[in-house]
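Colleague: Please take a close look at one part of this model for me. I would like the helix packing in one chain, with the settings spelled out.

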Amino acid sequence: MTETRVHFYQVGSFAVGNRLLSDADRTVQASPERTNSLDAGHRACQGCGEALGARYALDAAMRATGGRLVAVNATGCLEVFSTPFPETSWRIAWLHSLFGNAPAVATGVAAAMRAKGRDDVRVVGQAGDGGTVDIGFGTLSGLFERNDDVLFICYDNEGYMNTGVQRSAATPPTARTATSEALGADPGNVFGQGKDLPRLAMAHDIPYVATATVADLHDLERKVERAMTFRGARYLHVLVPCPLGWGAASADTVRLARLAAESGFFPVFEAEHGVVTGVRRIRRRVGVEEYLRPQRRFAHLFAGEGRPDLVARLQALADANIQRYGLAPEEE
Amino acid sequence: MLQQLEGSRAVAETVARCRPEVVCAYPISPQTHIIEALGAMVKDGRLAPCEFINVESEYAAMSVSIGASAAGARTYTATASQGLLFMIEAVYNAAGLGLPVVMTLANRAIGAPINIWNDHSDAMAVRDAGWIQLFAETNQEAADLHVQAFRLAEALSVPVMVCMDGFILTHAVEAVDLIDQAVVDSFLPPYEPRQVLDPDDPVSIGAMVGPEAFEEVRYLAHLRQLDALELIPSVAEEFAALTGRASGGLLHPYRLEDAETVIVAMGSVLGTIKDAVDARREAGERVGVLGVAAFRPFPIAAVADALHGARRVIVVEKAFSLGMGGVLATDVATASPASGPDLATVVAGLGGRPITRRDVEGVLERSARGTLPRLSFLNLDEDVVARERARMAASRRSGPFAENVLRDVATGGARR
Ligand SMILES: Cc1ncc(C[n+]2csc(CCOP(=O)(O)OP(=O)(O)O)c2C)c(N)n1
Ligand code: SF4
Ligand SMILES: [Mg+2]
């Protein structure tokens with residue numbers, strides 16, 4: 001009888017146990033050598049997707065650069081919860097300047113390193129969705145256009161969480177925020193045109209653009225490492241559920257991120273020089289409703305008679321993503 | 001060696017000799033010639049390894065400067081007017097973080113109404129930002145101040161703004177003695193930062209500071225400004241010893257001995273005022289000039305000392321605080337003892353309106369006759385103002401103010 005290797009996947013998540021992976025595939029977090037870039041002592045809410053995403057992304061970047069890294073942070077939850085001085089949680093060189101200028105500050109750090117002959121030192125800029133798609137968009141587009149040697153990471157929790165959950169251009173339609181209340185005939189956020197930053201980044205033809213979620217942290221780490229193999233502007237857009245802003249259980253952060261990807265509502269892909277080179281296909285397709293229901297920000301879609309019309313429009317957005325990136329599961 | 005040089009060129013050549021490592025700017029008149037020249041010097045390799053970054057806005061220009069300076073690079077930028085306002089959040093931030101960026105401000109009016117010509121509204125708009133603000137009287141001084149600016153900035157961890165009058169200085173060609181590279185090198189040591197982004201010694205910079213420490217942090221910034229009051233004169237003296245030129249310092253007193261009437265002013269208009277004072281001195285009047293070279297930190301004690309004995313002080317300034325009056329004048333008043341001289345403010349030169357020697361002599365005459373009001377606007381066309389006021393009184397929809405005034409001026413209803 002021939003021997004077959006059995007892989008044990010976690011029921012429901014399809015996540016494979018770390019011990020079953022080859023050394024090269026193991027998460028950075030499994031190594032005692034990890035930096036703990038974002039260490040204990042921060043004040044993020046329980047289950048904060050942003051804290052999780054930032055820790056994995058930066059530890060991966062630290063490994064990829066051999067510890068030669070400087071991070072520039074925009075104002076926002078990540079900045080505020082990480083530096084409740086005297087207890088900074090950062091174990092890496094870290095600078096916060098303003099809300100809208102992190103890309104330009106990162107450019108400045110990179111320029112200084114070049115001028116000083118320290119090309120080995122790499123720069124990561126990071127911001128929330130507000131600091132990226134809204135107030136920081138001008139400086140980010142400038143960074144892309146000049147192809148400055150910076151990896152910019154957006155931790156997208158789909159709203160201005162630090163200031164109390166207001167709408168950003170990354171807030172999905174119908175979502176309740178403090179500035180898009182679930183009131184009136186069109187409750188929650190409007191159906192606008194959206195501001196699809198990964199595609200806008202691709203339109204700049206920069207070397208590398210990728211999306212990821214905190215449901216697949218291996219994928220996130222791999223993309224950070226891939227990004228670090230390029231010189232020039234790189235952009236990583238990470239979906240990071242926010243229990244507080246989304247009205248979700250702290251324990252559901254990873255599950256919601258997975259449902260966002262598995263419903264097609266948040267497409268996970270990567271692109272090089274403006275061309276999509278890989279997608280993370282859906283394993284087991286779910287309707288958007290399964291993703292929306294556990295979140296209080298969408299409660300008005302399901303209360304009483306509910307708003308099946310609006311849910312259908314959201315489903316159409318997910319379907320369009322699945323179509324655009326070819327995300328449908330293999331068997332479909 | 002004296003050369004005929006445009007002010008902007010003289011500044012660019014001097015900044016180049018300061019060996020900047022990152023230059024980043026966004027074009028705006030009348031600053032453009034400075035950054036164009038530096039851009040070319042980086043491009044042809046003369047400034048290697050300096051990086052020149054073309055950014056998409058002034059907000060980015062100052063932000064790139066913040067990043068570069070925090071990473072330990074000697075950093076330079078330049079702007080004016082709208083550009084300064086567009087970057088203002090980052091202007092405060094650079095000072096708050098204590099980053100020794102040096103910036104040339106080619107002083108220009110602020111719109112609306114849009115106006116590209118010189119006055120000091122832009123510099124006054126950021127006087128509380130925590131930057132050292134030095135005002136140049138001549139192109140020679142503008143150039144020299146940049147060397148001193150880097151020295152001061154880096155010694156104190158405070159950004160320095162060198163203010164030079166737009167067009168009047170930036171675009172004027174006059175004889176300038178460019179400083180020798182060797183002199184700069186002996187005067188300006190390589191930049192040794194107090195705080196730096198270094199992977200080998202990681203620190204967090206820019207943390208949230210709450211009420212438990214904010215006041216102390218801000219007070220420390222104030223103390224560094226007060227330290228600058230000591231350092232600015234000593235740096236200027238050292239510079240003078242090396243070059244023989246009296247550039248910089250806190251104040252430029254002129255014929256103050258026994259002066260009963262003193263005009264206080266900043267920038268290039270001092271030349272005109274000195275000419276007027278010379279003329280009045282010939283006529284036997286006891287008049288003098290006090291040029292303020294360092295506006296921030298404001299040298300209160302030195303101003304008080306210089307004005308000691310004056311009976312009348314006239315502040316001629318190219319900016320004002322609407323609904324209040326003079327800005328420089330308010331500081332001068334703070335420096336004057338309560339029982340001190342009569343103080344009059346003359347707002348002049350707004351949006352590039354010329355200030356002539358005759359104008360200044362007229363001011364001195366009115367002051368001597370006792371007819372100079374506490375606040376006046378030089379060469380204000382009362383007639384034009386009255387017409388617009390009448391239009392406004394006559395009809396609610398009187399239309400846009402500036403355009404009405406322009407029409408009156410163009411149709412000869414105005415200045416005769
Ligand atoms: C110029 C400016 N405008 C507004 C703010 C207030 N502000 C601080 S953080 C923030 C929201 C941040 O949202 P995002 O970037 O999405 O990050 P999050 O907190 O959601 O992680 C806002 C509006 C500010 N600090 N600066
Ligand atoms: S509000 Fe949201 S993003 Fe901010 S710390 Fe809490 S969970 Fe994280
Ligand atoms: Mg956000």
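Modeller: Here is a walk through the helix contacts of chain B, with some context around them.

This is a predicted model, in which local features need pLDDT of at least 70, side-chain atom pairs count only at pLDDT 80 or more, and totals for chains, interfaces and linings use all residues. Residues are numbered from 1 along each chain as its sequence is written, chains are lettered from A and ligands numbered from 1 in the order written, and side-chain values use heavy atoms, with hydrogens and water left out.

Confidence comes first. The model has ipTM 0.95 and pTM 0.96. Chain B has an average pLDDT (the predictor's confidence in each residue, from 0 to 100) of 97, and 99% of its residues score at least 70. Within chain B, helix 15 (residues 401–410) is lowest, at a mean of 94, and strand 6 (residues 132–135) is highest, at 99. Helices (H or I, at least four residues) and strands (E, at least two) are DSSP runs, numbered from the N terminus.

Now helix 3 (residues 58–70) and helix 5 (residues 88–97) of chain B. Their axes lie 8 Å apart, at an angle of about 15 degrees. Axes are lines fitted to C-alpha atoms, for helices over the stretch in contact, and angles run from 0 to 180 degrees between N-to-C directions. Helix 3 and helix 5 of chain B are therefore roughly parallel. Angles under 35 degrees count as roughly parallel, over 145 as roughly antiparallel, 65 to 115 as roughly perpendicular and the rest as oblique. The crossing is left-handed; that term applies if the near helix is turned anticlockwise from the far one by less than a right angle, and right-handed if clockwise. Helix 3 of chain B brings B:Tyr59, B:Met62, B:Ser63 and B:Ile66 to the contact (heavy atoms within 4.5 Å), and the helix 5 residues include B:Val91, B:Ala94 and B:Leu97.

Compare helix 10 (residues 269–282) and helix 13 (residues 357–369) of chain B. Their axes come within 8 Å and cross at roughly 55 degrees. That makes helix 10 of chain B oblique to helix 13 of chain B. This crossing is right-handed. Among the contact residues are B:Ile273 and B:Arg280 of helix 10 of chain B, and B:Val360 and B:Leu364 of helix 13 of chain B.

One backbone detail remains. A cis peptide bond joins B:Ala48 and B:Pro49, with omega about 10 degrees. B:Pro49 sits in the loop between helix 2 (32–43) and strand 3 (51–54) of chain B.
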